[in-house]
Amino acid sequence: MKAFYTFGMICIASSFILICLTGCSQEVYTFTGKLNGIDKGSVIVECSSLYKKPMLGGAEDDIGYSCAVQVTEATVIESQTGESLTLEDLRQAEIVSVILTEKVKKEQLEDAEFVAKEIVMLKD
């Protein structure tokens with residue numbers, strides 16, 4: 001019985017370690033933030049939530065981050081209700097949800113080039 005208990009505890013500990021290791025290599029595929037600007041085929045979106053410190057309960061630091069997200073001809077831009085929009089329909093300070101064309105590992109955020117698959121303008 002004691003051997004079974006020990007084996008069970010080892011399995012639980014191993015599972016916990018695996019989950020922790022998997023969590024350390026998180027990937028980003030989508031984020032939501034305030035639209036800070038539009039500049040020559042890209043949008044500048046507040047993305048501080050991508051830089052949360054996981055060891056401190058997910059608290060963000062005091063630095064405000066913005067991410068330049070490239071908008072291509074294939075990027076779908078729409079309202080929350082599904083109405084098709086153009087880049088010119090977006091306004092600064094609106095909240096948008098960005099879905100990227102490729103997942104980006106959190107540890108590579110500084111060097112990542114974000115390309116939007118879809119941008120959804122959310123209601124206030």
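Cys-47 and Cys-67 form a disulfide, with 2.0 Å between their sulfur atoms. Keep in mind that this is a predicted model. A search through the whole structure turns up 1 disulfide. The link between Cys-47 and Cys-67 is right-handed, with 80 degrees about the S-S bond. What does the pair tie together? Cys-47 sits in the loop between β2 and β3, while Cys-67 belongs to strand β3 (66–70), so the bond joins parts that are 20 residues apart in sequence.

Are the two cysteines buried or exposed? Cys-47 is buried, and its relative accessible area is 0%. Cys-67 comes out at 3% relative accessibility, so Cys-67 counts as buried too. The cut-off here is 20%: a residue under that value is called buried.

**How the strands line up**

Now for the strands around that link. β2 and β3 are paired in the antiparallel sense, with 5 bridges between them. One place to look is Ile-44, whose bridge partner in β3 is Ala-68. On β1, Gly-37 has Ile-44 of β2 as its bridge partner, so to speak a meeting point to look for on screen. Ile-38 is matched with Val-43 in β2.

Strand β1 covers residues 27–38 and strand β5 covers residues 95–105, and the two pair in the antiparallel sense. Within that pairing, Thr-32 has Ser-97 of β5 as its bridge partner. Here are the strand pairs next to each other:

| Strand pair | Sense | Bridges |
|---|---|---|
| β1 (residues 27–38) and β5 (residues 95–105) | antiparallel | 7 bridges |
| β1 and β2 (residues 42–46) | antiparallel | 3 bridges |
| β2 and β3 | antiparallel | 5 bridges |

While you're tracing strands, one general point helps: in a regular strand the side chains alternate between the two faces of the sheet.

**The turn and Ser-42**

β1 and β2 make a hairpin with 3 residues between the strands, and there Lys-40 takes a positive phi near 45 degrees. Just past the turn you meet Ser-42, which is placed in strand β2. What does the side chain of Ser-42 reach? It goes to the backbone oxygen of Asp-39, at 2.8 Å. Ser-42 counts as buried because its relative accessibility is 13%, and the limit for that label is 20%. If you skip its neighbours within four places in sequence, Ser-42 is in contact with Gly-37, Val-69, Gln-70 and Val-71.

**Over on β5**

Thr-101 has its place in strand β5. At 43% relative accessibility, Thr-101 counts as partly exposed, because that label covers values between 20% and 50%. Which residues does Thr-101 touch, not counting those up to four places away in sequence? They are Val-115, Ala-116 and Lys-117. Thr-101 also makes a nice distance check against Thr-30: 71 residues separate the two in sequence, and their C-alpha atoms are 9.3 Å apart in space.

Notes. Residues are numbered from 1 along each chain as its sequence is written. This is a predicted model: local features need pLDDT of at least 70, side-chain atom pairs count only at pLDDT 80 or more; totals for chains, interfaces and linings use all residues. Side-chain values use heavy atoms; hydrogens and water are left out. Two strands pair if DSSP finds at least two bridges between them. Helices (H or I, at least four residues) and strands (E, at least two) are DSSP runs, numbered from the N terminus. Buried means under 20% relative accessible area, exposed over 50%, partly exposed in between (1.4 Å probe, protein chains only). A polar contact is a pair of N or O atoms within 3.5 Å; within protein, one must be able to donate a hydrogen and the other to accept it, and residues adjacent in sequence count only if both atoms are side-chain atoms. Contact means heavy atoms within 4.5 Å. A disulfide is a pair of cysteine sulfur atoms within 2.5 Å.
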